[in-house]
Amino acid sequence: MTRKLDEPDAEMTRAVASFYERHPFPGERQPDADGLLLMRRVASMIADARHEAGPRRLRLLDAGCGTGNTSVALARTFPALDVQGMDICGRSLDLARAAAQDAGLENVAFAQGDLLAGPLPAGRWDIIVCLGVVHHTANMERALGHLAQALAPDGRMMLWVYGRHGRYHHQLNRRLLALLLKDETDPTRQVELAREFALDTGDGEPLSDLYGFVPGRHEREQVVLNDAWIADQFLHTNERAVDLPEFLGMIKAVGLVMHEWLGEDTSGTRLPPALAARLDRLPEQERLCALDLLLKPRRYFVEARRKGGWPS
Ligand SMILES: C[S@@+](CC[C@H](N)C(=O)[O-])C[C@H]1O[C@@H](n2cnc3c(N)ncnc32)[C@H](O)[C@@H]1O
């Protein structure tokens with residue numbers, strides 16, 4: 001049985017929910033490279049499932065679906081899926097339902113729920129997608145636990161969480177901005193000032209710190225246009241970034257293993273050859289730890305399963 005949420009966690013959860021009521025995410029934002037990667041992964045999961053289990057509809061949960069962009073895109077692209085979006089934020093869900101209705105989709109539904117509140121239906125979903133969510137919850141371990149028990153025995157979970165090493169400079173920028181804005185209570189003005197901070201500090205240094213490179217026109221345009229993104233990156237009430245060993249420990253504690261580390265070149269070929277060869281000789285846990293230090297990811301995008309994963 002799940003314990004009742006401690007009051008500090010409950011208070012943080014209310015603060016996070018009310019943050020998203022002010023800034024429903026992602027709103028108008030276009031899919032990025034990871035969004036496209038997700039689509040390809042889900043396509044191959046559907047093909048595999050067809051191969052393994054014959055023609056049956058797959059159930060997919062988009063946990064923390066926000067304004068439903070991913071849920072709607074998945075339901076539209078894959079009619080063989082039954083997509084369930086859930087989120088704590090009522091305003092985001094209204095936008096998600098409107099988008100699904102506009103698209104005339106019948107294989108997607110949305111429900112309000114708190115990932116921390118209590119168990120989800122056990123073993124229900126073949127695929128769980130949880131993108132950019134657990135690191136904003138008051139208790140990441142608990143959220144992951146609830147997701148893991150809702151996964152079907154041979155189910156697959158796509159997780160996207162902030163990486164501590166890659167977000168280090170960004171975290172410093174967030175702290176700086178929090179100091180500068182500590183007396184600003186108007187949420188609209190906060191967003192305006194955060195946007196100015198991002199675009200006009202130095203030569204857009206906060207954006208370079210965030211992306212790890214000088215962003216191109218597309219990224220800059222997203223920043224200029226999207227209040228939700230500015231708020232989410234620069235003004236969030238609660239975010240926690242992890243490193244890879246910590247993240248793998250968390251998913252292991254809930255009975256999952258990393259099956260695939262997505263969106264990174266994990267070959268180690270960025271190292272000089274003699275060091276790349278040493279990397280390859282390390283025991284798997286240490287090799288992953290070394291890769292994490294080498295790559296300094298801004299996010300971990302991972303497919304997790306119950307068994308047979310990486311490291312073995
Ligand atoms: C950064 S947004 C990500 C939205 C979407 N997954 C995407 O990738 O565009 C985080 C979402 O998590 C939701 N969320 C945060 N805490 C939650 C909780 N305890 N239970 C359910 N949803 C939660 C927020 O309301 C918000 O919509």
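Start with what packs over helix H10 in this predicted model: the cover on its buried residues includes H6, helix H7 (187–200), H8 and helix H9 (217–225). Ala228, Trp229, Ile230, Ala231, Asp232, Gln233 and Phe234 are the buried residues of H10. That makes seven of the eight residues in H10, so this helix is largely enclosed by the rest of the structure.

Now hop over to H6, one of the helices covering H10. H6 runs over residues 168–180, and its 13 residues should span 18 Å at 1.5 Å a residue. The C-alpha atoms at its ends sit 19 Å apart, which agrees with that expectation. Here the picture is two-sided. His170, Asn173 and Arg174 are the buried ones in H6. They take up an arc of only 105 degrees around the axis, which puts them on the same side of the helix. There's a simple bit of geometry in the background: an α-helix has 3.6 residues a turn, so residues three or four places apart point the same way. Flip to the other side of H6 and you'll find Leu172, Arg175 and Leu179, which are exposed. As for what lies over the buried residues of H6, the cover includes helix H8 (205–211) and helix H10 (227–234).

Zooming out, the chain splits into domain 1 (7–162), domain 2 (168–234) and domain 3 (244–305). Between the C-alpha centres of domain 2 and domain 3 there are 29 Å.

Next, the ligand. Its surroundings comprise 23 residues, of which Gly64, Gly66, Cys89, Leu115 and Leu131 come nearest. In terms of chemistry, the shell around the ligand breaks down into 11 nonpolar, nine polar and three charged residues. Which helices supply at least two residues each to this shell? Helix H1 (7–22) and helix H3 (69–77) both do. H1 gives the most, with three residues.

Last stop: proline 283, in the loop between helix H12 (273–281) and helix H13 (284–295). Is this proline buried or exposed? Proline 283 is exposed, because just 9 other C-beta atoms lie within 10 Å, and the cut-off for exposed is 12 or fewer. If you want a distance to check on screen, try proline 283 against arginine 299: the two are 16 residues apart along the chain, and their C-alpha atoms are separated by 23 Å.

Technical notes: Residues are numbered from 1 along each chain as its sequence is written. This is a predicted model: local features need pLDDT of at least 70, side-chain atom pairs count only at pLDDT 80 or more; totals for chains, interfaces and linings use all residues. Helices (H or I, at least four residues) and strands (E, at least two) are DSSP runs, numbered from the N terminus. The expected span of a helix is 1.5 Å times one less than its number of residues. A residue is buried if 20 or more other C-beta atoms lie within 10 Å of its own, exposed if 12 or fewer, and partly exposed in between; C-beta atoms are placed from the backbone. The arc is that of the directions from the helix axis to the C-beta atoms. Two residues are in contact if their C-beta atoms, placed from the backbone, lie within 7 Å. A residue is near a molecule or strand if its C-beta atom, placed from the backbone, lies within 6 Å of it. Ala, Val, Leu, Ile, Met, Phe, Trp, Tyr, Cys and Pro count as nonpolar, Asp, Glu, Lys and Arg as charged, and the others, Gly among them, as polar. Domain bounds come from an automatic or database domain assignment.
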